[in-house]
Amino acid sequence: MKFNGDFHIHTNYCPHGSADEMELYVHNAIEKGLDAISFTEHAPLPPSFTDPAPKQDSAMKMNDVDSYLLEGNKLKKAYKDKIKINIGFEVDYIKDYETETKQFLNQYGEQIDDAILSVHMLRAPNDQFVCLDYSVEAFSDIITLFGSVNDVYNAYYQTMKSSILSDLGPYKPTRIGHINLVEKFSLQFPATHKHEDELIDLLHLIKQKNYSLDANTAGLFKPFCQQMYPSPKIMEVAHELGIALIPGSDSHTAGTLTRAFDKYPSSISLSTPENVTQKRMSK
Ligand SMILES: [Zn+2]
Ligand SMILES: [Zn+2]
């Protein structure tokens, strides 16, 4: 199977990532023979939102955005004969914070080549927000807060649906990140059913919106998941629906680019992201 790029990559601007600098990722990508990469750093959380993660390290700081973009653009120019570098963000969809998210996107949208929309934050029944993928211990507390594993899954898929339908303005990312991230700790805390219907409903919505899907290998390396996001089976359904699947390692270290890309099901084909800037210009 052909893959020539890795389109979900974090950097040293991520507080929960590694200190590996962006240039090291670029070097490794060139060494691996990739034609293209996308830096998709966690966009800053909305200013009025308090990061519920224990270390408050879910996303890059607003103060770092300009240096991140500057560094990315320098690399893009310096290596343009060797590799295509997209600079962008993994943007959190947080229910009821759409206005601030849209403001961020409107402010930086012109400078974004590629982006992913993800859900990491859920609002619990007591209105408190939780960070879904922080740790297996934190996930256990989340289950208590929601009442049951199934309640967490239901809230997650409901929020995913809202994210796809949300109005985040003209720069809304059109690639949906790790569509079943809620399964990150599923070997420890299995849901009583696989929520496949919910996933397939989401795929239909993605198709309707003409969005694409993050085919994310990171889950394979999470001890309580050991599966890609989404599973090969769901990737096959997406492929049959004609949804573009974009390969991404979700690397937080330079050494893990394209990790497990040889494990994608052979029945699917992978796409490269459509350059969002070009797409806007052609409208
Ligand atoms: Zn991250
Ligand atoms: Zn993510």
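Select Asn216 and find its partner: Asn216 stands opposite Gly248 in E9. The model is predicted. Now widen the selection to strand E8, residues 212-216. E8 and E9 pair in the parallel sense, over four bridges.

Next, show the whole sheet. Seven strands make it up, in the order E1-E2-E3-E4-E7-E8-E9. The sheet is open and its pairing is parallel. Strands of a sheet pair through backbone hydrogen bonds, so switch on the backbone to follow them. Colour the two edges: strand E9 (245-248) is one, and strand E1 (5-9) is the other. Each of these edge strands pairs on one side only.

Go to E1. Are its residues buried or exposed? Five of the five residues of E1 are buried, so the strand is largely enclosed by the rest of the structure. Buried here means under 20% relative accessible area.

Stay with E1 and add E2. The two strands pair in the parallel sense over three bridges. Pick Ile9: its bridge partner in E2 is Phe39. Then trace the chain from E1 through H1 to E2; this β-α-β crossover is right-handed.

Select that helix, H1, residues 22-31. H1 lies across E1, strand E2 (36-42) and strand E3 (84-92). Its direction is at about 150° to E2.

Last stop: helix H2, residues 65-78. Which strands does H2 lie across? They are E2 and E3, and H2 runs at about 155° to E3.

Key
Residues numbered from 1 in each chain as written. Chains lettered and ligands numbered in written order. Predicted model: local features only at pLDDT ≥ 70, side-chain atom pairs only at ≥ 80, totals over all residues. Heavy atoms only, no water. Pairing = 2+ DSSP bridges. Contact = heavy atoms within 4.5 Å. Axes fitted to C-alpha atoms, helices over the stretch in contact; angles between N-to-C directions. Buried < 20%, exposed > 50% of the residue type's maximum accessible area, 1.4 Å probe, protein only. Right-handed = clockwise from strand over helix to strand, strands pointing away.
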